[in-house]
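Please look through the sequence and the model shown here before reading on. The paragraphs that follow begin with a single side chain and work outward from there.

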Amino acid sequence: MAQCYQRKVRLSFDSDFTSPEGKKICGSPRSDPNIITVSEEGEDDQVLEALNMTERIASQLEMICQTLASVENRLQRLKGIFERFSDLERSVNNLHIELKTLSEKSRIIEEKTNEFEKAMDFENAELEGLKKKDKKNEDKIKELEDKLLYQEVHNRRENLRFFGVPESTTGVQNTFSVMHNFLKEELNLENAENIEFQRAHRIGKKKPGQTRPVIVRFLKFPEREMVFRRARELEGETDVKVYSDLPKEISERRKKQWPRLKKAREEGKIAFFSKPEPDQLFIDKRFVPL
């Protein structure tokens, strides 16, 4: 290049190159041996390369600074994350302690529950035993009640109940005479006046327009059976109904069985109630439970 580049180099002496004399050195580069002048074209390339390198270094330093700033920001965020993680860890530890406490309480409750269940099993076993005993007692009571009922039926076996026997609305009637007259005129029994009654009386309170039933206790059981058979034979020909004198409980039991007895008879089967146990139904000689 045509332009002259000068490099000022200070030697070991204190010469002032800024004086007018010094400025003239550029025109006479060889006049002072202490001044080195470089005018080669290669120096330009070195200067440009140095400038470019400086710019690259400055750019790289700037990038490094930006990276460091980014790293610092990330470190700050990581610090916050670590702090939150520490809080979370403390919370987890607290939860673990609470869970351990809850587990211990649950274990205690489970033990108490097991003890309670064992006690309940024992109580249930005791209760079951009491139920069985109670059932046995109920069966025994039922058996005793039935025996008493059957004994009462036996005591009433000479009795018959008559429904529809006319009753006088005025005065007092002799029930013995009324019943002897009924046996003679309604049942057409010979020697009806010779049939002996232990008792004969009406039951219930007298009400206008109603005829009270009559209970007759025969002195002899065969005469009672004869009258009963005759009344059954004439059933439908007279308004008077004749039934055995049974306790109320037995009558209720027989009412429940009556539809089955009636159906069996309609089918041509032999159906009847037992005499010693009149609530027990038999169909073709087989007992039919209630």
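Leaving aside its neighbours within four places in sequence, which residues is L183 in contact with? In this predicted model, L183 is in contact with N188, L189, A192, I195, F197 and V227, once the neighbours within four places in sequence are set aside.

L183 also belongs to a wider group, the largest nonpolar core, which has 22 residues and in which F162, L183 and V227 touch the most other members. At least two residues of this core come from each of strand 1 (159-163), helix 3 (175-185), strand 2 (197-202), strand 3 (214-218) and helix 4 (221-233), and helix 3 gives the most, with four residues. Another core lies apart from this one and consists of seven residues, among them L261, A264, F273 and V288.

The strands can be followed next. Four of them form an open sheet in the order 2-3-1-4, with antiparallel pairing. Because strand 2 and strand 4 (241-244) stand at the edges, each with a single partner strand, one side of each is left without a neighbour in the sheet. From one strand to the next, the twist averages 20 degrees. Strand 1 and strand 4 run antiparallel and are joined by four bridges; R161 has Y243, in strand 4, as its bridge partner.

Two helices pack on this sheet. Helix 3 touches strand 1, strand 2 and strand 3, and its direction makes about 100 degrees with that of strand 2. Helix 4 touches strand 1, strand 3 and strand 4, and its direction makes about 135 degrees with that of strand 4.

Terms used. Residues numbered from 1 in each chain as written. Predicted model: local features only at pLDDT ≥ 70, side-chain atom pairs only at ≥ 80, totals over all residues. Heavy atoms only, no water. Core = buried A, V, L, I, M, F, W, Y, C linked by side-chain atoms within 4.5 Å. Buried < 20%, exposed > 50% of the residue type's maximum accessible area, 1.4 Å probe, protein only. Contact = heavy atoms within 4.5 Å. Pairing = 2+ DSSP bridges. Axes fitted to C-alpha atoms, helices over the stretch in contact; angles between N-to-C directions.
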